[in-house]
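User: I am new to this structure. Could you take me through the model?
Analyst: Certainly; here it is.
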Amino acid sequence: MNTFLDNEIVLMTHDGSHAELKAGQPALFLESAGKATLFEEPTRFLWDRYVSAGSTPSVHTWSKAAYSLKSWFQFLQAMGKHWLDASAEDRRSYRDAYLSSISPRTGRHYRAQGVSDSMSVVRSFYAFARRKGWYAGDIDGYVEEVVANIEIDRDAFAHTRSVSLPRAKDRDLPKTRPNVVIHPLMVRDLTNLLNHVGPQAANRQADRRAARDRLICDLGWVVGLRLSEVISLTTLQFLSLSPDLSSPYADLKLIVCGKGSKTRQVAIPTWLVVDAIEYINGERAEALRAWKGRPRSAPIQLLLGRLESPRRGQPISNDAIQKMMREACISLGFVETVEKVNPETGEVFHDKVPKHSYHDLRHTCAVLMYHAEVASGNPEPWKKIQAQLGHSHLSTTIDTYLAHVEIFTDRPGLLNVRRLIGL
């Protein structure tokens, strides 16, 4: 029983060198005096619930869950309590400590949504531990059953009868308010960003900079893809399309893998498909030739590390794209001043942080698409935006973007944004 309390919790991820394990697969270890022992129970949980399940293919999701468990176990160690003895009251104490702490990365308090996500992982782990016969406490059972109506798109006969389903509600989770604040880029800022990150692969002219980052940004503001969807794109998805060079603005259909491994069709203009294929045959091929891995295991992902990068030829990560966006915003002056707290001294200070993240390109796509559809006479622009962005419910699309399209309506130039930025 003392092994857990006497050791340091170490999180490691697999590099993909063994065929039996997946690249990015997380594992927790108990380390003491230079000796590390596999922390089997949470590692098995991460494998069964995330890595092998198929419903959560994102390595970022695996990592987030693993960090949640690591922080939970470290919290228990600080209290001197073994993980098998933890209770629902301990989980509530974990919540309160988490909410009152300052993130060393941001210098601000942790957000309620992040704390809620971490607590949900902990409860899910203990439910798994109970099924395996390891745990007999009350963490996984502290939920309240409530009745909720089935959404109409899940029940074809909802109009003929009253139907309800029971679902579990975790009352211990911190209260979170829906965050519908979005930050779409203005046309001038978008133009400056695109010029800054690089040229189009198929339209370089005299610009010899790398084109990958421009392609990444175009997939966000033109197609509205999420970061995880961009990461999961493969070369075959583009090489299987047949673009007509005489109609560069005609839309083609691209199949993407969205949240929960759900696939959907999105419209992508021919010029962007041509650009992606040019990147595949040129810059990507050069990076792949410099790759040090085995030929049979060459990555199929569309976006790879650049030739000058230590990760050349390897699939690009979420962090790399977010870093690219942060650095571009700082270079261009797209920043805002925020108040932070030094977690060590408690001193309050002000810092400049990027005003935009990669996800803001998706918001930009939605706002611009609204105006383009209205200008073309579409009486129901929201439905097209909903399909393009992959929202399950139309209300999500409308509630998120309504205020912003109203604000933007009187601003000139939005309808001709492609012409303005030279596409």
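User: What pLDDT does the chain average?
Analyst: This is a predicted model, in which local features need pLDDT of at least 70, side-chain atom pairs count only at pLDDT 80 or more, and totals for chains, interfaces and linings use all residues. Residues are numbered from 1 along each chain as its sequence is written, and side-chain values use heavy atoms, leaving out hydrogens and water. The chain averages a pLDDT (the predictor's confidence in each residue, from 0 to 100) of 84, and 84% of the residues score at least 70.

User: Which stretch has a pLDDT below 50?
Analyst: Residues 145–166 do, with 25 contacts (heavy atoms within 4.5 Å) beyond near neighbours in sequence. Where pLDDT is low, the predicted coordinates should not be read in detail.

User: Is strand 7 enclosed or open, and why?
Analyst: Five of the seven residues of strand 7 (residues 263–269) are buried (under 20% relative accessible area, 1.4 Å probe, protein chains only), so strand 7 is largely enclosed by the rest of the structure. Strands here are DSSP runs of E, at least two residues, numbered from the N terminus.

User: How does strand 6 run relative to strand 7?
Analyst: Strand 6 (residues 251–257) runs antiparallel to strand 7, joined by seven bridges; two strands pair if DSSP finds at least two bridges between them. One bridge links Val 256 to Arg 264 in strand 7. Five residues lie between the strands of this hairpin, where Gly 260 takes a positive phi near 65°.

Definitions and conventions:
Buried < 20%, exposed > 50% of the residue type's maximum accessible area, 1.4 Å probe, protein only. Helix = DSSP H or I, 4+ residues; strand = E, 2+ residues; numbered from the N terminus.
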